[in-house]
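Student: I would like to learn how to read a few features of a protein model. Can we go through them one at a time?

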Amino acid sequence: MATCWGSLLQDEQQLEELARQAVDRALAEGVLLRTLQEPSSSDVVSYAPFTLFPSLVPSALLEQAYAVQMDFNMLVDAVSQNAAFLEQTLSSALVLLIAQEKERNIFDQRAIENELLAQNIHVIRRRFEDVSEKGSLDQDRRLFMDGQEVAVVYFRDGYMPSQYSVQNWEARLLLERSCAIKCPDIATQLAGTKKVQQELSRMGVLEMLLPGQPETVARLRATFAGLYSLDMGEEGDQAITEALAAPSQFVLKPQREGGGNNLYGEEMVQALEHLKDSEERASYILMEKIEPEPFGNCLLRPGSPVRVVQCISELGIFGVYVRQGKTLVMNKHVGHLLRTKAIEHADGGVAAGVAVLDNPYPV
């Protein structure tokens with residue numbers, strides 16, 4: 001489909017000038033990352049990679065994504081509150097949740113802190129080690145840190161095994177036992193694992209978790225790709241056989257969140273050959289590979305030339321879901337995130353230097 005900027009993609013001189021202006025605007029607007037060389041310091045920063053032009057997104061799909069977001073809020077809550085389902089689903093899987101040890105995305109965190117401070121809500125930054133040494137609970141399970149009562153715990157750490165020493169596990173347990181609001185709590189983290197996603201795709205599971213809500217179930221199921229268990233047994237054997245016969249149609253996903261962990265093509269084949277006779281395979285799932293239509297755009301990265309490449313995008317919708325006891329307080333969508341990458345890259349996120357920030361252009 002033609003766009004008002006389509007002709008610019010053919011003009012290298014104009015692309016260079018637009019890129020310079022766009023980078024300056026990004027820096028002025030605070031679209032920033034710490035550098036790979038100094039991930040723990042803000043003395044030297046750069047702009048977060050982004051697209052020069054917005055990417056075309058069909059209006060119907062954008063509307064569908066927003067419409068179903070509140071359904072996903074309810075589903076995640078239902079899963080996180082169903083201890084029996086989580087225990088049964090995750091009993092044979094290695095649960096791994098990912099984050100960066102070196103925090104380059106400090107600036108989006110500071111934006112949240114500044115917004116809270118404007119409401120006279122103070123934020124203190126501490127490590128798990130600090131919680132272990134100085135955190136405590138009173139007899140009512142109220143959480144205290146350095147003598148101050150904590151109302152909300154917001155996790156930007158603790159999403160991968162390497163971030164959990166014995167001391168850190170003890171600190172996480174202390175936080176989970178407290179009556180402070182956890183964002184997210186451990187059950188919600190487990191609800192987002194790949195194995196749970198795969199089990200949710202089974203017929204009857206959504207109906208069990210969301211009884212009496214057939215329209216909600218239909219909207220959710222319409223967004224699902226094929227997801228397949230690799231548990232030991234006939235079902236897992238069949239999934240492996242199909243993936244080895246047609247590797248271009250599948251993605252192998254471990255129990256980790258974020259980009260950079262999935263396996264495709266020959267790497268997937270080698271992994272499946274290694275895993276097929278091992279119980280370790282239960283810590284992975286297979287997913288039907290999604291094949292979006294590529295399009296041209298300029299991906300702006302520090303130190304990289306300005307050029308048009310073929311890209312694909314991934315859209316996510318943010319949501320807020322608040323429940324007090326069994327009473328629903330709030331359920332709404334609050335914005336979106338579009339990430340785009342060149343088709344030459346199979347996997348990876350913004351911080352990994354593969355995908356870049358983007359804006360949807362509804363058509």
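The dialogue below takes up cysteines, sheets, a surface patch and contacts between distant parts of the chain.

Tutor: Keep in mind that this is a predicted model.

Student: Let us start with the cysteines. How many disulfides does the count come to?

Tutor: A pair of cysteine sulfurs counts as a disulfide when the two atoms are within 2.5 Å. By this rule the model has 0 disulfides. Take cysteine 183: the closest cysteine sulfur belongs to cysteine 179 and is 16 Å away, so the two are too far apart for a bond. For cysteine 311 the closest cysteine sulfur is that of cysteine 298, at 8.4 Å, which is also too far for a bond.

Student: Is cysteine 311 buried or exposed?

Tutor: A residue is buried under 20% relative accessible area and exposed over 50%, with partly exposed in between. Cysteine 311 has 0% relative accessibility and therefore counts as buried. Cysteine 183, at 38%, counts as partly exposed.

Student: Now the sheets. What holds the strands of a sheet together?

Tutor: Strands in a sheet pair through backbone hydrogen bonds, and the pairing is either parallel or antiparallel. Here, one open sheet has 3 strands in the order β5-β6-β7, with antiparallel pairing. The edges are β5 (135-137) and β7 (148-150); each has a single partner strand, so one side of each lacks a neighbour in the sheet. From one strand to the next, the twist averages 35 degrees.

Student: How many bridges join β6 to β7?

Tutor: Strand β6, residues 143-145, is joined to β7 by 3 bridges, and the two run antiparallel. To find one of these on the model, look at phenylalanine 144, whose bridge partner in β7 is glutamate 149.

Student: What is the strand order in the open sheet that contains β12?

Tutor: That sheet has 3 strands in the order β10-β12-β11, and the pairing is antiparallel. Read the order across the sheet, not along the chain. β10 (227-229) and β11 (250-254) are the edge strands; each pairs with a single strand, so each has one side without a neighbour in the sheet. Neighbouring strands here are turned against each other by 30 degrees on average, direction ignored.

Student: Over how many bridges do β11 and β12 pair?

Tutor: β11 pairs with β12, residues 284-288, over 5 bridges in the antiparallel sense. Lysine 253 is opposite isoleucine 285 of β12.

Student: Next, the surface. Which residues form the nonpolar patch?

Tutor: The patch is made of Ile112, Leu116, Ile121, Val123, Val152, Tyr154 and Ile181, with about 580 Å² of accessible area together. Two elements, α4 (106-118) and β8 (152-154), give two or more residues to the patch. Leucine 116 is in helix α4. Its relative accessible area is 30%, so leucine 116 is partly exposed.

Student: Last, residues separated along the chain. What is the distance between the C-alpha atoms of alanine 191 and alanine 78?

Tutor: Compare separation in sequence with separation in space. Alanine 191 and alanine 78 are 113 residues apart in sequence, and their C-alpha atoms are 9.0 Å apart. Alanine 191 belongs to helix α7, residues 186-191, and counts as buried because its relative accessibility is 7%.

Student: Where is tryptophan 169 found?

Tutor: Tryptophan 169 is in helix α6, residues 166-177. Its C-alpha is 9.8 Å from that of glutamate 129, and the two residues are 40 apart along the chain. With a relative accessible area of 47%, tryptophan 169 is partly exposed.

Notes:
Residues numbered from 1 in each chain as written. Predicted model: local features only at pLDDT ≥ 70, side-chain atom pairs only at ≥ 80, totals over all residues. Heavy atoms only, no water. Buried < 20%, exposed > 50% of the residue type's maximum accessible area, 1.4 Å probe, protein only. Patch = residues over 30% accessible without salt bridge, like charges linked within 9 Å, V, L, I, M, F, W, Y side chains within 5 Å. Areas by Shrake-Rupley, 256 points an atom, 1.4 Å probe, with all protein chains shown as cover. Salt bridge = Lys/Arg side-chain N within 4 Å of Asp/Glu carboxyl O. Helix = DSSP H or I, 4+ residues; strand = E, 2+ residues; numbered from the N terminus. Pairing = 2+ DSSP bridges. Axes fitted to C-alpha atoms, helices over the stretch in contact; angles between N-to-C directions.
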